[in-house]
Amino acid sequence: MPDIVIGCLGIVLLLVLFAAGVEFAYAMGIIGFIGLAYLRSFTPAFNFLSKDFFEAFASYTFTVIPLFLLMGQVAFNSGMAEELYKTARKFIGHVPGGLALATVVGATLFKAITTSSLATSATFSSVAVPEMDKYGYSRKLSTGVVASVGTLGFLIPPAGSMIIMAMLTDQSIGRLFLAGAVPGAIIALLFIFVVVGWCRISPELGPRGPVFSWSERMRSVPQVAWPLLIFIVVIGGLLAGFFTPTEAGSIGAIAIIALTMFKRDLDFKTLGRSIRESLRMSAMILMLIAGSA
């Protein structure tokens with residue numbers, strides 16, 4: 001049987017396993033093992049299996065994954081997303097569709113310090129949607145905005161998908177981050193333009209929110225300034241070549257932990273939960289890398 005036919009059959013069987021509910025990592029590993037065993041023999045297949053899994057879990061390069069995940073989980077569990085949303089709401093919540101705009105701004109800032117798109121969407125669905133319901137926002141606007149801003153996670157650094165792609169293709173993580181930052185910012189601006197235009201055409205979709213004094217607004221600025229400074233140091237230092245991706249992840253994780261502990265938003269119980277969640281997701285990602293190999 002020609003190799004190309006075997007490859008096509010392998011893809012079909014892979015899709016069947018996906019549809020049957022088999023985890024992606026195991027499905028890819030099973031099909032790869034069977035394909036190698038058929039094309040060569042069981043001995044090379046077993047050798048590749050052990051080698052790929054060992055390299056995935058023993059590679060120093062892959063330590064960047066749990067470090068950036070820990071950075072994001074600490075920010076997620078410490079309530080930082082809610083603070084970013086409240087700050088954005090105080091500045092722009094009083095304009096038509098302002099609470100939806102605050103969601104876009106807050107989610108963009110929060111995504112800049114976390115690798116998880118799901119965490120961004122989950123957080124803002126629990127924070128922003130009830131607030132927009134309170135002021136009579138249309139559900140198609142409120143839920144649509146929250147669902148849409150989650151997609152920024154694939155572009156705005158530190159994006160977990162870009163880290164994995166860089167590892168699998170031997171590309172520079174810093175260059176991939178730079179390649180995604182500008183398009184991510186442009187898409188966030190386009191979200192803002194769409195919400196503004198939509199609410200000007202149909203003001204009932206997004207009524208005006210409360211107006212805050214300038215003193216209240218300025219008191220909330222540090223809630224944004226410190227996370228933004230950490231993002232600039234971590235991503236800027238990585239792009240400038242001051243430190244490696246692993247060092248950037250270490251600095252970011254330590255800085256976020258120190259900031260949240262200083263603000264008393266993080267206790268040892270929350271830190272333990274963040275560590276467990278980042279380890280669980282890291283193991284999942286490493287299994288995907290090993291299975292895809």
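**Close-up views of a predicted all-helix chain**

The structure holds 2 salt bridges. The model shown in these views is predicted.

**Figure 1. The salt bridge between Arg89 and Glu131.** Side chains of opposite charge can pair when their charged atoms come close. In the pair formed by Arg89 and Glu131, the closest N and O atoms are 2.7 Å apart. The two residues belong to distant parts of the chain, since Arg89 is in helix α5 and Glu131 is in helix α7 (residues 117-134), 42 residues apart. Both Arg89 and Glu131 are buried.

**Figure 2. The salt bridge between Arg139 and Asp133.** Here the side chains of Arg139 and Asp133 meet with an N to O distance of 2.8 Å. Arg139 has a relative accessible area of 49% and is therefore partly exposed. Asp133, with a relative accessible area of 32%, is likewise partly exposed.

**Figure 3. The crossing of helix α5 and helix α11.** Helix α5 covers residues 80-92 and helix α11 covers residues 214-240. Their axes come within 9 Å and cross at roughly 140°, which means that α5 is oblique to α11. The crossing of the two helices is left-handed. On the side of α5, the contact is made by Met80, Glu83, Leu84, Thr87, Lys90 and Phe91. On the side of α11, the residues of the contact include Trp214, Arg217, Val221, Val224 and Pro227. Sorted by character, the residues of this contact divide into 7 nonpolar, 3 polar and 4 charged.

**Figure 4. Phe46 in helix α3.** Phe46 has its place in helix α3, which covers residues 42-58. The relative accessible area of Phe46 is 48%, so this residue counts as partly exposed. Phe46 and Leu9 are 37 residues apart in sequence. In space, the C-alpha atoms of Phe46 and Leu9 are 21 Å apart.

**Figure 5. The chain as the setting of the close-up views.** The chain has 13 helices and 0 strands. Along its principal axes, the C-alpha trace spans about 75 × 40 × 35 Å. Of the 293 residues of the chain, 45% count as buried; Arg89 and Glu131 of Figure 1 are buried residues. Among contacts between residues at least 6 apart in sequence, 73% join residues at least 24 apart.

Terms used
Residues are numbered from 1 along each chain as its sequence is written. This is a predicted model: local features need pLDDT of at least 70, side-chain atom pairs count only at pLDDT 80 or more; totals for chains, interfaces and linings use all residues. Side-chain values use heavy atoms; hydrogens and water are left out. Axes are lines fitted to C-alpha atoms, for helices over the stretch in contact, and angles run from 0 to 180 degrees between N-to-C directions. Helices (H or I, at least four residues) and strands (E, at least two) are DSSP runs, numbered from the N terminus. Angles under 35 degrees count as roughly parallel, over 145 as roughly antiparallel, 65 to 115 as roughly perpendicular and the rest as oblique. A crossing is left-handed if the near helix is turned anticlockwise from the far one by less than a right angle, and right-handed if clockwise. Contact means heavy atoms within 4.5 Å. Ala, Val, Leu, Ile, Met, Phe, Trp, Tyr, Cys and Pro count as nonpolar, Asp, Glu, Lys and Arg as charged, and the others, Gly among them, as polar. A salt bridge is a side-chain nitrogen of Lys or Arg within 4 Å of a carboxyl oxygen of Asp or Glu. Buried means under 20% relative accessible area, exposed over 50%, partly exposed in between (1.4 Å probe, protein chains only).
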